Amino acid sequence: MAQVGVFKYESHLGADSPCRITQGVDLHDHDVPPSRVAWEAAAGQDWRQLQVAVGVTGGPGSEREGATVTVIDTDELAKRNARFADGGSFADLKLMPIGSLTVIGCVDPRVDPSDVFGLKPGEAAVIRNVGGRVTPTTLRTLEMLSKVVQARTGGPRPGDVHYAVLHHTDCGITDLTAFPELLADYFGVPAGDLDAKAVTDPVAAVRVDAEILKQRLPAGVFVSGLVYDVATGLIDVVVPSARVEA
Ligand SMILES: [Zn+2]
């Protein structure tokens with residue numbers, strides 16, 4: 001369960017490495033997602049294996065003195081990439097996903113479709129946003145991708161394409177119900193119509209989004225709606241893969 005509050009973090013890296021994290025609004029267990037906090041650091045800061053002692057003040061139950069944050073820096077990224085490149089399984093991959101699969105999922109680091117579905121490089125196209133929602137931006141992205149397909153193959157082969165919407169339990173988008181105007185803008189609807197987006201219920205929400213895809217995508221493609229349980233690691237097939245009718 002996410003703890004929400006206003007937190008202040010201060011590092012203890014020594015006088016030569018001043019660093020302050022002054023803003024953070026979400027704390028999942030002992031992890032403070034680096035992307036969700038604001039960093040202020042002196043020039044020349046060495047970020048390698050940065051361990052920040054975190055002093056937390058805020059909402060009820062949020063006191064976690066001594067929690068740590070590890071930042072993956074470019075040195076670490078380059079090291080991991082070198083191992084990937086050594087594997088040599090990328091050179092023959094094609095732009096078109098060989099699994100004929102497009103996943104629309106959430107940015108949450110626990111729900112990477114490559115992990116959840118065991119996808120190999122080149123098997124699927126993946127679009128990720130907050131909640132894995134089908135928004136006007138998502139639809140615009142799909143439209144652009146269809147043009148790429150057209151350019152590369154001379155035309156889409158709808159029978160070969162599966163669009164899977166992947167939502168999940170404990171999604172951070174539920175924290176955004178406190179910001180209805182932000183959500184309304186995200187979905188391109190009036191704030192009064194947000195209930196129809198079922199933001200707090202991933203099962204209902206995935207049905208909503210699969211239905212939008214069925215209405216907006218060309219006949220012949222397959223659409224499904226899945227909900228991943230972050231506690232069990234399993235998906236619930238809420239909307240089984242079905243062909244979009246003409
Ligand atoms: Zn999420």
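How many residues of strand 6 are buried? Six of its six residues are, and strand 6 is mostly covered. The model in which this holds is predicted, and the sections below place the strand in its sheet and in the nonpolar core.

**Overview and confidence**

The protein comprises five helices and ten strands. Its length is 246 residues, of which 24% count as buried. Among contacts with a separation of 6 or more, 57% are between residues 24 or more positions apart. The mean pLDDT is 78, and 70% of the residues reach 70 or more. Residues 1–66 have a pLDDT below 50, and this stretch makes 93 contacts in the model beyond near neighbours in sequence.

**The five-stranded sheet**

Five strands form an open sheet in the order 7-6-8-9-10, and the pairing is mixed. Strand 7 (124–129) and strand 10 (235–243) are the edge strands, each pairing on one side only. Direction ignored, neighbouring strands of this sheet are turned by 15° against each other on average. Helix 5 packs on the sheet and touches strand 8, strand 9 (222–228) and strand 10. The direction of helix 5 makes about 165° with that of strand 9.

In general, the strands of a sheet pair through backbone hydrogen bonds, either parallel or antiparallel. Three pairings of this sheet are listed here, each with one pair of facing residues.

| Strand pair | Bridges and direction | Facing residues |
|---|---|---|
| Strand 6 and strand 7 | Six bridges, parallel | Glycine 105 and arginine 128 |
| Strand 6 and strand 8 | Five bridges, parallel | Isoleucine 104 and valine 165 |
| Strand 9 and strand 10 | Six bridges, antiparallel | Phenylalanine 222 and arginine 243 |

Glycine 105 has partners on two strands: it stands opposite arginine 128 in strand 7, and its bridge partner in strand 8 (residues 162–168) is leucine 166. Strand 9 and strand 10 form a hairpin with six residues between them. In the turn of this hairpin, glycine 233 has a positive phi of about 80°.

**The nonpolar core**

Which residues have the most contacts inside the largest nonpolar core? They are Tyr163, Val165 and Leu166, in a core of 29 residues. Strand 6, strand 8, helix 4, helix 5 and strand 9 each supply at least two residues of this core. Strand 9 gives the largest share, five residues.

Two of the three core residues named above also appear in the strand pairing: Val165 stands opposite isoleucine 104, and Leu166 is the bridge partner of glycine 105. Leaving aside neighbours within four places in sequence, leucine 166 is in contact with Val103, Ile104, Gly105, Val111, Pro113, Gly132, Leu226 and Tyr228.

**Helix 4**

Leu183, Tyr186 and Phe187 are buried in helix 4 (residues 180–187). Seen down the helix axis, the buried residues fall within an arc of 85°, so they line one face of helix 4. Just after this helix, glycine 188 takes a positive phi of about 70°.

**Positive phi outside glycine**

Most residues other than glycine have a negative phi, and most peptide bonds are trans. Serine 100 and alanine 198 are not glycines, yet serine 100 has a positive phi of about 50°, and alanine 198 likewise has a positive phi of about 50°.

Where does serine 100 lie? It is in the loop between helix 1 (74–87) and strand 6 (101–106). Is serine 100 buried, exposed or partly exposed? Serine 100 has 16 other C-beta atoms within 10 Å; a residue is buried at 20 or more and exposed at 12 or fewer, so serine 100 is partly exposed.

Alanine 198 has its place in the loop between helix 4 and helix 5 (202–216). With 16 C-beta neighbours inside 10 Å, alanine 198 counts as partly exposed.

Conventions
Residues numbered from 1 in each chain as written. Predicted model: local features only at pLDDT ≥ 70, side-chain atom pairs only at ≥ 80, totals over all residues. Helix = DSSP H or I, 4+ residues; strand = E, 2+ residues; numbered from the N terminus. Arc of directions from axis to C-beta. Pairing = 2+ DSSP bridges. Axes fitted to C-alpha atoms, helices over the stretch in contact; angles between N-to-C directions. Contact = placed C-beta atoms within 7 Å. Core = buried A, V, L, I, M, F, W, Y, C linked by C-beta atoms within 7 Å. pLDDT = per-residue confidence, 0-100.
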